[in-house]
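Here's a quick briefing to read with the structure open beside you. Have a look at the fold first, then work through the notes below by topic.

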Amino acid sequence: MSRAPAPREPVHPAARPARRRDRRGRGPRGPLLPAGLPAYRTRAERFDDLVLAAVERLEKRWASELDGAEFAVEDVPPSQPAPWEHGGVPLGRYFPSDAGLAPRIVVYRRPVETRAVDAEELEDLVRDVVVEQVAHLLARSPEEVDPEYSGGH
């Protein structure tokens, strides 16, 4: 004669022990790369750092004029170009303040990355794009904004 199993009492989820292993019994999954390796940060994060460094560099000289301006990074520009843009893909764009919104400068990551050959050229190009857009904001020439502006892209 076989015996029927005794009915189990429902276990409250908080009463269960914490899982210390994944479903295959290999242990918890950690980071794929240690934080000290270069590949730990994504390309987008490294690009954001380049833009931030370029902005900080300009803020040292133009702090009062750039007060309140917003800086952003987007992957690609919108498919509809602005009326004042003629041909080509923009690398960055300046949006003047409007209806209580602060002026905004946007740098487009993918077009900038495709034009750079190596990391050094990428850094120079990001700096130049930020300088050009800040020059639009300040109504000055890029050479006035940053004496090291190369503009050779």
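What follows is a short tour of the fold, the sheet, the helices that pack on it, one pocket and a few single residues.

Keep in mind that this is a predicted model. The protein has four helices and three strands, and along the sequence they come in the pattern α-β-β-β-α-α-α.

**Overall picture**

- The protein has 153 residues, and 30% of them count as buried.
- If you take the contacts with a separation of 6 or more, 55% of them are between residues 24 or more positions apart.

**The sheet**

- The three strands make an open sheet, ordered β1-β3-β2, with mixed pairing.
- β1 (70-74) and β2 (92-95) sit at the edges with a single partner strand each, so each has one side left without a neighbour in the sheet.
- On average, neighbouring strands here are turned by 20° against each other, direction ignored.
- On one side of the pairing, β1 and β3 (residues 104-108) run parallel and are joined by five bridges.
- β2 and β3, on the other hand, pair in the antiparallel sense, over four bridges.
- V107 is a handy residue to click on in β3: it is the bridge partner of V73, and also the bridge partner of G92.
- How much of β3 is buried? Four of its five residues are, which leaves the strand mostly covered.

**Helices on the sheet**

- α1 lies across β1 and β3, and its direction is at about 160° to β1.
- α3 lies across β1, β2 and β3, running at about 20° to β2.
- L125 belongs to helix α3, and with a relative accessible area of 5% it is buried, because anything under 20% counts as such.
- L125 and E113 are 12 residues apart along the chain, and their C-alpha atoms are separated by 8.8 Å.

**The second largest pocket**

- This pocket holds about 170 Å³ of space.
- Which residues line the second largest pocket? The lining is made up of R43, R46, F47, L50, R110, E113, A119 and L122.
- Three helices, α1 (43-66), α2 (109-115) and α3 (119-138), each put at least two residues into that lining.
- The largest share comes from α1, with four residues.
- Sorted by class, the lining has four nonpolar and four charged residues, and no polar ones.
- E113 turns up twice in this briefing: it is one of the lining residues of the pocket, and its C-alpha atom is the one 8.8 Å from that of L125.

**A buried aspartate, D146**

- D146 lies in the segment after α4 (142-145).
- Is D146 buried or exposed? It is buried, because its relative accessible area of 4% is under the 20% cut-off.
- Leaving aside neighbours within four places in sequence, D146 is in contact with R57, L58, R61, R127 and V131.

**Two alanines with positive phi**

- Some background before the two cases: most residues other than glycine have a negative phi.
- A99 goes the other way, with a positive phi of about 50° although it is not a glycine.
- You'll find A99 in the loop between β2 and β3.
- A99 is exposed, because its relative accessible area of 75% is over the 50% cut-off.
- A139 is the other one to check, with a positive phi near 55°.
- A139 sits in the loop between α3 and α4.
- With a relative accessible area of 72%, A139 is exposed too, because that value is also over 50%.

Technical notes: Residues are numbered from 1 along each chain as its sequence is written. This is a predicted model: local features need pLDDT of at least 70, side-chain atom pairs count only at pLDDT 80 or more; totals for chains, interfaces and linings use all residues. Side-chain values use heavy atoms; hydrogens and water are left out. Buried means under 20% relative accessible area, exposed over 50%, partly exposed in between (1.4 Å probe, protein chains only). Contact means heavy atoms within 4.5 Å. On a 1 Å grid over the protein atoms alone, a cavity is a set of points where a 1.4 Å probe fits but cannot get out, and a pocket is an open set with protein on both sides within 12 Å along at least five of seven lines; lining residues have an atom within 4 Å of a point. Grid points are joined across faces, edges and corners, and a volume is the space filled by probe spheres set on the points. Ala, Val, Leu, Ile, Met, Phe, Trp, Tyr, Cys and Pro count as nonpolar, Asp, Glu, Lys and Arg as charged, and the others, Gly among them, as polar. Two strands pair if DSSP finds at least two bridges between them. Axes are lines fitted to C-alpha atoms, for helices over the stretch in contact, and angles run from 0 to 180 degrees between N-to-C directions.
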